[in-house]
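Thank you for coming, everyone. Today I would like to walk you through a single structure, beginning with the whole chain and ending with the empty spaces inside it.

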Amino acid sequence: MNEPILRLDNLHTAFHTKAGEVQAVRGVSFDVAQGEIVGVVGESGCGKSVTAASILRVLPENAWHSEGKILFLGEDLLALSQSRMRAVRGRQISMIFQDPMTSLSPLMRIGRQIEEAILQSGDGVTRAQARERALEMLRRVHIPDPESRYNCYPHELSGGMRQRVMIAIALSCRPRLVIADEPTTALDVTIQKQILLLLKEMCREMNLSVLFITHDLGVVAELCDRVVVLYGGLVMEEGGVIEVFEEPAHPYTMGLLASVPRLTQEKAKRLTPIPGSPPDLLSPPAGCPFAARCRYARRICLKAMPEAQRLSPTHYGKCFLLDPGAPRDANPFADRRER
């Protein structure tokens, strides 16, 4: 594997609220290598988007990082000044947001919005050069008749076209890393497929690294090289897409996969939901955050967070089921589930 372009090391991100301190991210660590597409998956509230916002440092004022590092090309982003961080955003790290209609300005033509991103990059390009590069990006994201579309407003384009414009803006400054925060959620299935193929094509062509945030495991299987499974602000499992999907190590990953419909599944067979609700991050549990919902939980799961257990050079999971030295006491939730 190539050297990591991005490394998160024990990242903790919390929010001060009137109700108390919400510990949204509680020690997340993973790498993204050059040219690699890494998927980050999990339920809503697991810490995916907060992790992405922490990397770009675009969190609200009530957020803070109690410990950890975010190393990009060996430089800790959390230690940079605001002016230095502004030079990193867009130029070296860019982001594709979930809803292009709310991300694009309704008052500016799309060509002008791409131009502004290029002019703000600090490359010293003229407006004429920015226009040429913007038209080139529209062609590269396969927007038909780019000269005409250049002068359109966002509301004049379809959802798929708007997302292509967002990709063009994100890639216009030739960044090293792209963070895509559920960029296909608002699109129908056929347009999703087109956008995923386009993103994969552009990343391979430009040798970009991508951090792809989603709750859709099908998207991960289609696009990503590796997957990081988050739950309760922690990494539960990490590994190559094939090894995690074929041999999931953590019960939470197993639950996510069991809740996805399959073409080979019998029509009369129901999907298997994950019972219960995510943990309250105002007072997160001392042990594994998934213990209260886990059919395999033991008493030790309520008291301590297991260490990561390596299953292969690229695959690990955090679960006492994987630790041969962990006690095998009774499941404290067995009676409740039987009722």
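What follows goes from the overall build to the cores, then to one helix, and finally to the cavities and pockets.

A word first on the basis of all this: the model is a predicted one, where local features need pLDDT of at least 70 and side-chain atom pairs count only at pLDDT 80 or more, while totals for chains, interfaces and linings use all residues. Residues are numbered from 1 along each chain as its sequence is written, and side-chain values use heavy atoms, with hydrogens and water left out.

Let me begin with the chain, which has 13 helices and 12 strands; these are DSSP runs numbered from the N terminus, with H or I over at least four residues for a helix and E over at least two for a strand. The radius of gyration, taken over C-alpha atoms, is 21 Å, close to the 20 Å that the globule rule gives for 339 residues, so the chain is as compact as a globular protein of that length. That rule is 2.2 Å times the number of residues to the power 0.38. Along the principal axes, the C-alpha atoms fill a box of roughly 70 × 50 × 45 Å.

Of the 339 residues, 48% count as buried, where buried means under 20% relative accessible area, exposed means over 50%, and partly exposed lies in between, with a 1.4 Å probe and protein chains only. If we take the contacts (heavy atoms within 4.5 Å) with a separation of 6 or more, residues 24 or more positions apart account for 65% of them.

Now to the interior. A nonpolar core here is a set of buried Ala, Val, Leu, Ile, Met, Phe, Trp, Tyr and Cys residues joined through side-chain atoms within 4.5 Å. In the largest such core, which has 62 residues, those touching the most other members are Ile96, Ile114, Val165, Leu171 and Phe212. Helix α7, residues 159-171, gives this core its largest share, 8 residues. There is also a second, separate core of 34 residues, and Phe30, Val40, Leu80 and Met95 are among them. Leaving aside residues up to four places away in sequence, Phe212 touches a list of residues including Val38, Ala180, Leu196 and Leu223.

As a single-residue example, consider Leu77, which sits in the loop between β5 (75-76) and α2. Is Leu77 buried or exposed? At 1% relative accessibility, Leu77 counts as buried. Beyond four places in sequence, Leu77 touches Ile55, Arg57, Ile70, Phe72, Met85, Val88 and Ile93. Leu77 and Arg57 are 20 residues apart in sequence and 8.1 Å apart in space, C-alpha to C-alpha.

Next, please look at helix α11, residues 251-258, where 6 of the 8 residues are buried, so the helix is largely enclosed by the rest of the structure. The buried ones are Pro251, Tyr252, Thr253, Gly255, Leu256 and Leu257, and what covers them includes α9 (217-223), β9 (226-231), β10 (234-240) and α10 (241-246).

That brings me to empty space. On a 1 Å grid over the protein atoms alone, a cavity is a set of points where a 1.4 Å probe fits but cannot get out, whereas a pocket is an open set with protein on both sides within 12 Å along at least five of seven lines, and lining residues have an atom within 4 Å of a point. Grid points are joined across faces, edges and corners, and a volume is the space filled by probe spheres set on the points.

How many cavities of 30 Å³ or more does the search of the whole structure find? It finds 2. The largest holds about 130 Å³, and of its 17 lining residues the closest to its centre are Ala297, Cys301, Cys319, Phe320 and Leu321. The second largest has a volume of about 40 Å³, and α11 supplies the largest share of its lining, 3 residues.

Finally, the pockets. The largest has a volume of about 570 Å³, and of its 21 lining residues Arg89, Gly90, Ser94, Ala117 and Ile169 are the closest to its centre. The second largest pocket contains about 310 Å³, and α11 gives the most to its lining, with 4 residues.
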